[in-house]
Amino acid sequence: MLEVVAILTVRPECVAETEKLLCQLINGSRQDKGNIAYNCNPVEGAPGKYIFRECWQNQELLDLHMQQKHFTDFAAAVAPLTATDLEVFVLGNAVAG
């Protein structure tokens, strides 16, 4: 299993447009082969900042997801709306305590 966290930051005046695009991305991504979970939440008190939490069966299926039309269309449409570069983190195994 592969867990991914991504941070998307768009300009505050672009929030409504971004959220329409996000709905299409999320609905498509949840149908992708290998998807276990795909969630995106706005950060309270930080207009335009969104946190993605994703879970995939493996890297190969994550790579396939990033080639799908809903993903590439979203990436192209949201690029001019962003305030900063997208941050993506692939998580390692949980620290045992």
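Two strands pair when DSSP finds at least two bridges between them. The views below show a predicted model.

**View 1. The hairpin of strand 2 and strand 3.** Strand 2 and strand 3 run antiparallel and are joined by 7 bridges. In their hairpin, 6 residues sit between the strands. Gly45 takes a positive phi there, near 80°. Across the pairing, Tyr38 stands opposite Glu54 in strand 3.

**View 2. An open sheet of 4 strands.** The strand order is 2-3-1-4, and the pairing is antiparallel. Strand 2 (35-42) and strand 4 are the edge strands, each pairing on one side only. Neighbouring strands of this sheet are turned by 15° against each other on average, direction ignored. Strand 1 and strand 3 pair in the antiparallel sense, over 8 bridges. Within that pairing, Ala6 stands opposite Phe52 in strand 3. In a regular strand, side chains alternate between the two faces of the sheet.

**View 3. Helix 1 across the strands.** Helix 1 covers residues 15-29. The strands it lies across are strand 1, strand 2 and strand 3. Against strand 3, helix 1 runs at about 5°.

**View 4. The ring pair of Tyr38 and Phe52.** The structure holds 2 aromatic pairs. In the pair of Tyr38 and Phe52, the ring centres are 6.1 Å apart. The planes of these two rings stand at 70°, so the pair is edge-to-face, since planes over 60 degrees apart count that way. Tyr38 belongs to strand 2 and Phe52 to strand 3, so the pair ties together parts that are 14 residues apart in sequence. Phe52 also appears in View 2, opposite Ala6.

**View 5. The largest pocket and its lining.** The volume of the largest pocket is about 370 Å³. Its lining counts 22 residues. Ala6, Phe71, Phe74, Leu86 and Val88 lie nearest the centre. Five elements are named as giving two or more residues to the lining: strand 1 (2-9), strand 3 (49-56), helix 2 (59-65), helix 3 (69-78) and strand 4 (87-91). Helix 3 gives the most, with 4 residues. By class, the lining divides into 16 nonpolar, 4 polar and 2 charged residues. Ala6 links this view to the sheet: it lies among the residues nearest the pocket centre, and it stands opposite Phe52 in strand 3.

How values were computed:
Residues numbered from 1 in each chain as written. Heavy atoms only, no water. 1 Å grid on protein atoms, 1.4 Å probe; cavity = no way out; pocket = protein on both sides within 12 Å on 5 of 7 lines; lining within 4 Å. Points joined across faces, edges and corners; volume = space filled by probe spheres on them. Nonpolar A, V, L, I, M, F, W, Y, C, P; charged D, E, K, R; others polar. Axes fitted to C-alpha atoms, helices over the stretch in contact; angles between N-to-C directions. Contact = heavy atoms within 4.5 Å. Phe/Tyr/Trp six-rings, centres within 6.5 Å; stacked < 30°, edge-to-face > 60°.
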